[in-house]
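Reader: Walk me through the empty spaces in this model, please. I want to know how to read them.

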Amino acid sequence: MKIPFNKPYLTGKENDYFVQAVQSGHISGNGLFTKKCQQFLEQYCGVDKTLLTTSCTDALEMSALLLDIQPGDEVIMPSFTFVSSANAFLLRGAKIKFADSYPHHPNVDPAAIEILITPRTKVIVVVHYAGVACDMDAIMKISKNNQLAVVEDAAQAIASNYKNKPLGSIGDFGAYSFHETKNIISGEGGALLINNKKVGEQAEIIWEKGTNRAAFFRGELDKYEWKAVGSSFLPSELTASFLYAQLENIETIQHKRKAIWMRYFKAFEQLEITKKITRPIIPSYATNNGHLFYLVCNSKEQRTQLIDYLASKDILAVFHYLPLHKSQYFKEQYQGDELVHCTHFSECLVRLPLYYDLTNVEQEKIIGCVNEFYSINKTT
Ligand SMILES: *Cc1c(COP(=O)(O)O)cnc(C)c1O
């Protein structure tokens, strides 16, 4: 029995809605299922406006366009993140400044953001790693004091809160991902959450190729035309119909994922007490959405050995981000400090299989194999 790292979960309603979308005769974007998904997310997250996108990457690109990022503008973000957080702003000519993680948590440290601010800084991008909130009060205070916009890369963070506020709904913009590796999926897919009433109309224009077609379709105009620089960011109704089946079942999905996460967390308490590994920390201001479960090993060597050991038992465990500032693409142009905490998580963090259909038996096997590894392995 091979245990994969991820397995996409289907609620069973996807086919029905997909067929409904096909038979409706409207399969391009911004149709009935798109509206249903957007309304759902607006209510669920308490935001003024949500636009479905074809990916979280697209939602981030939309935020860079909406913030009118110009060449030379500086954008601060963690180095411990996915490339899309950076690419979205690089495409507009921004200069990226990478900030370090906390010593004890992969999330960006607000103090590390503050030291990078210059008169050219325009935006702070935060990433809620593993669906666990960054310290948003501290971030919003920095943003206010320095008049900076805040974009939340909430790709992993649906159904998770910061002090009762849904992640993605706190900064100027929030970006969700519905990629097949996330909690709620549509193959590829995403959403832009807009917390500023004034930019809702502009967002719709950018979303629809730079035209006011959305307003035209609502009957507000007698023609539509080119209004701004935009692109085609909206998904087809085929994607939206699939997504709606998932959103309708969000409570069930979340309940199951959190239960699996909690079982891992409890099971590894002893390994943490004996200082073999550290478990994830959920700060008191944050909730956990069961997006991913990781352990932090004491060294890179040990992490590699653990991954190899689990692979030998047919269990696929994986590491995560390589620091963006050390990537092949960026390292030549990087001029900042060594980011030691980011490097530590990059080298020592390992993610265990976590998906809806992971059975108790499979999870017991994974837990057993990790414990077995540490009872054999004497290095620390
Ligand atoms: C998954 C992910 C993305 C990219 O999402 P897509 O929907 O695949 O574009 C961006 N940022 C983070 C932090 C992610 O985890």
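Reader: What classes of residue make up the lining of the second largest cavity?

Author: Nine nonpolar, two polar and no charged residues. Here Ala, Val, Leu, Ile, Met, Phe, Trp, Tyr, Cys and Pro count as nonpolar, Asp, Glu, Lys and Arg as charged, and the others, Gly among them, as polar. The lining includes His105, Trp261, Pro280 and Asn288. About 50 Å³ of space lies inside this second largest cavity. The model is predicted: local features need pLDDT of at least 70, side-chain atom pairs count only at pLDDT 80 or more, and totals for chains, interfaces and linings use all residues. Residues are numbered from 1 along each chain as its sequence is written, and side-chain values use heavy atoms, with hydrogens and water left out.

Reader: How is empty space found at all?

Author: Rolling a probe the size of a water molecule over the atoms shows where empty space is left. The grid is 1 Å, over the protein atoms alone; a cavity is a set of points where a 1.4 Å probe fits but cannot get out, while a pocket is an open set with protein on both sides within 12 Å along at least five of seven lines. Lining residues have an atom within 4 Å of a point. Points are joined across faces, edges and corners, and a volume is the space filled by probe spheres set on them.

Reader: How many cavities of 30 Å³ or more does the structure hold?

Author: Two. The largest has a volume of about 70 Å³. Its lining has 13 residues, with Lys7, Tyr9, Lys182, Asn183 and Arg257 nearest the centre. By class, that lining has six nonpolar, three polar and four charged residues.

Reader: Which pocket is the space taken by the ligand?

Author: The largest one. A molecule sits in a pocket if more than half of its atoms lie within 2 Å of the pocket's grid points. This largest pocket holds about 550 Å³ of space. Of its 27 lining residues, Phe82, His179, Thr181, Lys182 and Tyr321 are closest to the centre.

Reader: Which polar atoms lie opposite the ligand's own?

Author: A polar contact is a pair of N or O atoms within 3.5 Å. A polar side-chain atom of Asp153 is 2.8 Å from a ligand nitrogen. For Ser177, a polar side-chain atom lies 2.7 Å from a ligand oxygen. Cys56 uses a polar backbone atom, 2.8 Å from an oxygen of the ligand.

Methods. A polar contact is a pair of N or O atoms within 3.5 Å; within protein, one must be able to donate a hydrogen and the other to accept it, and residues adjacent in sequence count only if both atoms are side-chain atoms.
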